[in-house]
Amino acid sequence: MKWMKFLLLLVPLLLAVAAVGADGSRPKVVLVIHGGAGAPPRGKMTPEREKQFRDDLDQALQAGYGALRRGTSVDAVEAAIRVLEDSPRFNAGKGAVFTHEGRNELDASIMEGKERRAGAVAGVTRVKNPIAAARAVMEDGKHVLLAGEGADRFALSKGVTEVNPVYFWTAERWQELQDALKEEEMPGKKGARRDERPRYDLGTVGAVALDRAGNLTAGTSTGGLTNKRFGRIGDSPIIGAGTYADNATCAVSCTGHGEVFIRYTVARDVTARMEYRARTVQEAATVEQAVRQVLDGLPKEEGGVGGIIALDSHGRFTWAYNTDGMYRGSVTEDGTKRVLIYDR
Ligand code: ASP
């Protein structure tokens, strides 16, 4: 029994020693999350609603931080995103937006920065937590992106929880679809550009985390855009567009108009700016500069609206958006949490 106690004391000590970096510094534990860049203007947000959003974000941070203390950044990203998927207030999991045909088709992805392994699912309709399905794809390792019925079947075969598709239904999202359908029928409105409409459906959720071993992970989960058709898939399950992670630079999760984020490979562009600059100028762009440059470079006139969160391998992080507000939060080493929706 004595040696058991000894082992129990020794293992955490060894792990702690192994995690000390080459310069003697110990990687910090950090988790940053977002719940989409679709917050309404401050004047339209009621105090009750704001409190509900803040409570959800706080709970997600709590779950992710707990996982980060016990496990890896992959565990933390999954745990935080699961909480937001289970809340009916975000456009992911329960509360996802509806397609033109009145269905919920969900997309998610996850990527870890050590080996750059990644997994993603698109258009799933029966898994309760699409982020768990994405993780199952990554851990299986054979493929990166699975779509539709096959993705559902794969995830369920790996033990991911199944739900009846009616589980995802919420009155608010159903109404959003009805409004979008009506708007489409209005004379002169047909073909209106997406950026002319309020973007409250930008409720995609995401997380980036750094663990004790110095490994980064990024993940993103969404229902896509209201009234999407023809099997449309956005940036969220596309590695390099909505999600990217590389221990050499940073982990990134995006929210916004998916078509533009795909065309501009937003998540990879953030990490590439840091990587290439470090190679050529011998001085890396900060994660903040990289995110700012990428967001400012999006064509707003073509609907390039949204937000980005990013966390580098030293635990420095940033968030930026070009909409009225972005639901977001962070928790750092000592458990200090921050939850924000607007600029201040
Ligand atoms: N990026 C998502 C998509 O286009 C939407 C969002 O961020 O809310 O599917």
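Which backbone N or O atom lies 2.9 Å from an oxygen atom of the ligand? In this predicted model, the atom in question belongs to Gly258. The protein covers 100% of the 270 Å² of accessible area that the ligand has on its own. The ligand occupies the largest cavity.

Around the ligand there are 13 residues, and those that come nearest are Thr204, Arg232, Asp235, Thr255 and Gly256. Two side chains place polar atoms at short range. In Arg232, an N or O atom of the side chain is 2.8 Å from an oxygen atom of the ligand. In Thr255, a polar side-chain atom likewise lies 2.8 Å from a ligand oxygen atom. Gly258 contributes through its backbone, at 2.9 Å.

Helix α4 spans residues 130–140. It is largely enclosed by the rest of the structure, because 9 of its 11 residues are buried. The buried residues are Pro130, Ile131, Ala132, Ala133, Ala134, Arg135, Ala136, Val137 and Met138. They pack against two other helices, α3 (73–86) and α5, and against the strands β2 (106–112), β3 (118–124), β4 (145–147) and β6 (216–222). After α4 comes Gly141, which has a positive phi, near 85°.

Within α4, Val137 has a relative accessible area of 2%. This value is under the 20% limit, so Val137 counts as buried. Beyond residues up to four places away in sequence, the side of the contact list at lower numbering holds Gly119, Ala120 and Val121, while His143, Val144, Leu146 and Phe154 are also touched by Val137. Arg117 is 20 residues from Val137 in sequence, and the C-alpha atoms of the two residues are 9.9 Å apart in space.

A further buried position occurs outside the helices. Thr170 lies in the loop between α5 (148–157) and α6 (171–185). Its relative accessibility is 11%, and Thr170 therefore counts as buried. Apart from neighbours within four places in sequence, Thr170 is in contact with Pro88, Lys94, Gly95 and Phe98.

Terms used: Residues numbered from 1 in each chain as written. Predicted model: local features only at pLDDT ≥ 70, side-chain atom pairs only at ≥ 80, totals over all residues. Heavy atoms only, no water. Helix = DSSP H or I, 4+ residues; strand = E, 2+ residues; numbered from the N terminus. Buried < 20%, exposed > 50% of the residue type's maximum accessible area, 1.4 Å probe, protein only. Contact = heavy atoms within 4.5 Å. Near = heavy atom within 4 Å. Polar contact = N/O pair within 3.5 Å; in protein donor to acceptor, adjacent residues only side chain to side chain. Areas by Shrake-Rupley, 256 points an atom, 1.4 Å probe, with all protein chains shown as cover. 1 Å grid on protein atoms, 1.4 Å probe; cavity = no way out; pocket = protein on both sides within 12 Å on 5 of 7 lines; lining within 4 Å. Sits in = over half its atoms within 2 Å of the grid points.
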